[in-house]
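These exercises ask you to read a protein model step by step. Please look at the sequence and the structure before you begin, and try each task before you turn to its solution.

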Amino acid sequence: MSNEKQEIKRLESQWPLISAMRNGEEVTWINDQKLKNGPDDWPITLEEIHEADARLRRFAPFLTAVFPETKEAGGIIESPLLEIEHMKAFLEKYHCETITGCLYMKADHLLPVAGSVKARGGMYEVLKHAESLAIEHGLLSTEEDYSKLANEEMRAFFSNYSLAVGSTGNLGLSIGITGAALGFRTTVHMSTDAKEWKKTRLRDRGVEVIEYADDYSRAVEEGRELSAKTKNSFFIDDEHSKELFLGYSTAALRLQEQFQKENIAVDEDHPLIVYLPCGVGGAPGGIFTGLKRVFGEHVYGFFAEPVQAPCMLLGLMTGLHDQIAVQDAGIELKTEADGLAVGRPSSFVGKAVANDLDGVFTVLDDKLFIYLNQMAKLEGEQLEPSALAGIEGPVRAKVSGWLESHFTDSQQKGAVHLVWSTGGSLVPEEEMIVMIKKGEQY
Ligand SMILES: *Cc1c(COP(=O)(O)O)cnc(C)c1O
């Protein structure tokens, strides 16, 4: 037997769930390392989340100046909170299960500018970098009106600097669009999964796109190396970045505001259970950690991954984090959910959420398209496949027995199930029609 095969056998005997994962079955992993009163050692503080939010608000005048679609919201990049009753009814029918409590969707596919959850982390890190450079060179102070960053003199200044990022697509879009708006020279290293229209859209804005016939980890690695050799170049490192994580976490403050407006309580009788699509882990990890910081102990969370890309599940279950890739366990990393096509998880997110996350489940690609179709038909919302990974979370939490073992009947009635939609509004109409058609049959 080859070494590789032996290693897979060893992993399977230690973690039997891996056999099912290799067979292409959907699995639900409940986190047995979760601590009831976990230590307060998340990588970010509530104060830092507030600072990040304040920074984004300083940039609002700049954003309205360069992205007219943000004018109405005053330059605040935010998405609506939607109650999805029709989708809830469909999920109940499709799975022959009732979903007790209410079901909301945080519609990050509608985030302006980048059209995906990456608008939170990616834009934040680029804006923070631009602010630091401008302040360092005496061109800006935090008391000034940031719309001045849109003028020619500032663009000329930023054109002396480069940004680079490795991406499966959406992070590249978010960094590329924001970087180009400021005048940075921007390079996006794209993995083979990245969709053609994402590359075209970036090139149209003057962003350099380098393609790799390899997976996402490789695109990141190459990008990181090339950037290190380039003068004045800043690499946005999806596998390690705390700034991205912080950008994502600000979602919690915005959600708190929306909950207050809608009179949605989060307390012992009304647990908040969130279901987040997971790629490398930065977006779901940052959002979940933010929610824990802002709402506290009554927040529960599950990450959702494609059957063929369960990198966070593997990293958490084995405790090996970024020391294991899905290929090491004999899983192929083939999924239509391009935003989640990641073989190796972030170096720090798994460790950050290990004490608090409730579990990770995997979903078959075919179902992502069925949900995509129903979401378009029943709710009129157009999501990309990755964005639907979490949608059956409330059902999975139930059939795994997790809900019943954690909550009384009355708590289950008061529960707020929140699925996070992560992208889709920039998908070209022709491609969306094809994807909707693909999910026609079920
Ligand atoms: C990037 C992305 C995710 C997951 O974010 P990670 O930080 O990679 O875990 C989910 N959905 C979509 C559409 C994405 O683009």
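**Exercise 1.** Which residue does Lys106 stand opposite in β11?

*Solution.* Lys106 stands opposite Trp420 in β11. Before going further, note that this is a predicted model, in which local features need pLDDT of at least 70 and side-chain atom pairs count only at pLDDT 80 or more, while totals for chains, interfaces and linings use all residues. Residues are numbered from 1 along each chain as its sequence is written, and side-chain values use heavy atoms, with hydrogens and water left out.

Strands are DSSP runs of E with at least two residues, and helices are runs of H or I with at least four, both numbered from the N terminus. Two strands pair if DSSP finds at least two bridges between them. Strand β3 (residues 102-107) runs parallel to β11 and is joined to β11 by six bridges. Strand β8 (residues 272-277) also pairs with β11 in the parallel sense, over four bridges, and there Val274 has Leu418 as its bridge partner.

**Exercise 2.** Determine how the side chains of β11 are arranged, and whether its residues are buried or exposed.

*Solution.* Buried means under 20% relative accessible area, exposed over 50%, and partly exposed in between, with a 1.4 Å probe and protein chains only. Val416, Leu418 and Trp420 point one way from β11, whereas His417, Val419 and Ser421 point the other way, and all are buried. The strand, residues 416-421, is therefore mostly covered, since six of its six residues are buried.

**Exercise 3.** Work out the strand order of the open sheet of four strands, and explain what is special about its edges.

*Solution.* The order is β6-β5-β4-β7, with parallel pairing. At the edges stand β6 (208-211) and β7 (233-236), and each has a single partner strand, so one side of each is left without a neighbour in the sheet. Between β4 (residues 162-167) and β7 there are four bridges, and Ser162 stands opposite Ser233 in β7.

**Exercise 4.** Find how many disulfides the whole structure holds, and describe the surroundings of Cys311.

*Solution.* A disulfide is a pair of cysteine sulfur atoms within 2.5 Å, and a search of the whole structure finds zero. For Cys311, the nearest cysteine sulfur is that of Cys278, 5.7 Å away. Cys311 is buried, with a relative accessible area of 1%, whereas Cys96 counts as exposed at 68% relative accessibility.
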